[in-house]
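This report describes the overall make-up of one protein chain and then turns to a few local features of its backbone. The sequence and the model are shown first.

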Amino acid sequence: MTGTSLTDGSGTASIAAPRPSTVLRLLAGRGAFRLAIQAMGLVLITAWGGHDYGRFATALGMMSWLNFVPSAAEKSALKCLPRLKTTRNAVAALAIRIAVAPVLLVLAAMTVALVVAPRSDAALYLTAAGWAISGGLLMTVSGLHRLRGKSTLDALAFSAGAVVVGVVTVGTWFARWSPLTHLVLLLGGILLILGASAALLPKEWLRAERIAGHRLWPAFGRSTVLLGMTEVLDVLATSSVFGVLALAGRTVDSGPFYVALLASSAFCSLLFYQLRVHQPTISARMRGSGAAAGRARAAELLKLVERGSLVFLVLVGVALAIPAARAVLTAEDTVGAYMVLGVFVLVETVLFAVRLYAGFLIENTNSKVLTLTASASIAGLVATPLAAAALVPEMGPVGGFAAPVFAIGTRAAVLRRLLRRHHPEL
């Protein structure tokens, strides 16, 4: 094996699926963290009211994509490291460096904004960015701990994160701290957890000395960028809906949209985490005939998503053409409006989850397909704001969820066709 290979098969026999008890422990830690964030979203509405909560939700929503910037290194490491032997430490060190660099840049910009203009929107948005991107770095560090067999550290880190979110939220509710103060305290807590977790990584992964085999940089860097691009562009696309709501003068509607998005993301995040937990095992198996079977299964799922999205959007279009149904779809602050929003959230969640699993299967076959998944993500990024611009001004949060459904279908259609072009047997 050469020093620059990221696809070597040595060591795959030692990769075993995590035990059920381990998975449950990990899900308990992440689940507590997600539950705390869900509760935070509901509690803060009563603490701030519609205007301040709308600003808070818009800031978090528009910056949430940064969570996946440092975690791209985790995804690449979990795919590559099970196939490596002699370059394992070097690749792990690269993953950490790639993950840390954007976090330091965001935190530096946030610090400047807090010093120069602490009451500005820039300070609020950059602090939200710091919270999002630091959480992504914690995911990367925790993922590397899992790969070392230290899954308990992952569960403890996110359980501690849940405590931080809970304590700060309760404090904000009683003291009526501003959205900026709330975010600063959240960020401070997560940085303490991150520092403690990073300190427990192997010393050879943290050393600043030059890494032997410098040609690892382009190989691992390409894998990280292309693997991470899918999640970043997915979340960035959804974040664009918050921008459309703001431009349409419906910032207050960012609150209901954010709360509904929390419900969707809670399920999808747990699914996403399950895939990450099992990624080393699946990556080691998805070679040769396993890769062909994975692509075939993914193509079937993408076709299902494509058709499901189309049927749903056609039904929405028909409903908009009927005056009575149109009134229900465009209503605000009524029981019927929230029920409709719930239906849209459910549809978006199911379609996104199926599409997520299909993309996961494709990404773990080989490195050549990563350009296909990245291209499909770009299509989704273009489709989301266009659909949101057409639907949000009249439909508000409901239109905000119709836009991702359109984008999910678009991305599935593009990816399936690109996959068939490169693999005609599908």
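How many helices and how many strands does the secondary structure of the chain come to? In this predicted model, the chain has 15 helices and 0 strands. Of its 426 residues, 54% are buried, and among the contacts with a separation of 6 or more, 85% are made by residues 24 or more positions apart. The accessible surface comes to about 17,800 Å², and carbon and sulfur atoms account for 69% of that area.

Two residues with a positive phi are set side by side below.

| Residue | Phi | Location |
|---|---|---|
| Arg-176 | about 55° | loop between H6 (151-175) and H7 (179-199) |
| Gly-396 | about 60° | just after H14 |

Most residues other than glycine have a negative phi. Arg-176, which is not a glycine, nevertheless has a positive value, and this residue lies in the loop that joins helix H6 to helix H7. Is Arg-176 buried or exposed? With a relative accessible area of 43%, Arg-176 counts as partly exposed, because that class lies between the limits of 20% and 50%.

Helix H14, residues 370-395, contains 26 residues and should therefore span 38 Å at 1.5 Å a residue, which agrees with the 35 Å that separates its end C-alpha atoms. Along its course H14 bends by about 40° at Ala-389, and a proline, Pro-393, follows within four residues. Just after this helix comes Gly-396, with its positive phi of about 60°.

Methods. Residues numbered from 1 in each chain as written. Predicted model: local features only at pLDDT ≥ 70, side-chain atom pairs only at ≥ 80, totals over all residues. Heavy atoms only, no water. Helix = DSSP H or I, 4+ residues; strand = E, 2+ residues; numbered from the N terminus. Buried < 20%, exposed > 50% of the residue type's maximum accessible area, 1.4 Å probe, protein only. Contact = heavy atoms within 4.5 Å. Areas by Shrake-Rupley, 256 points an atom, 1.4 Å probe, with all protein chains shown as cover. Expected span 1.5 Å × (residues − 1). Bend = angle between axes of the 7 residues up to and from the residue.
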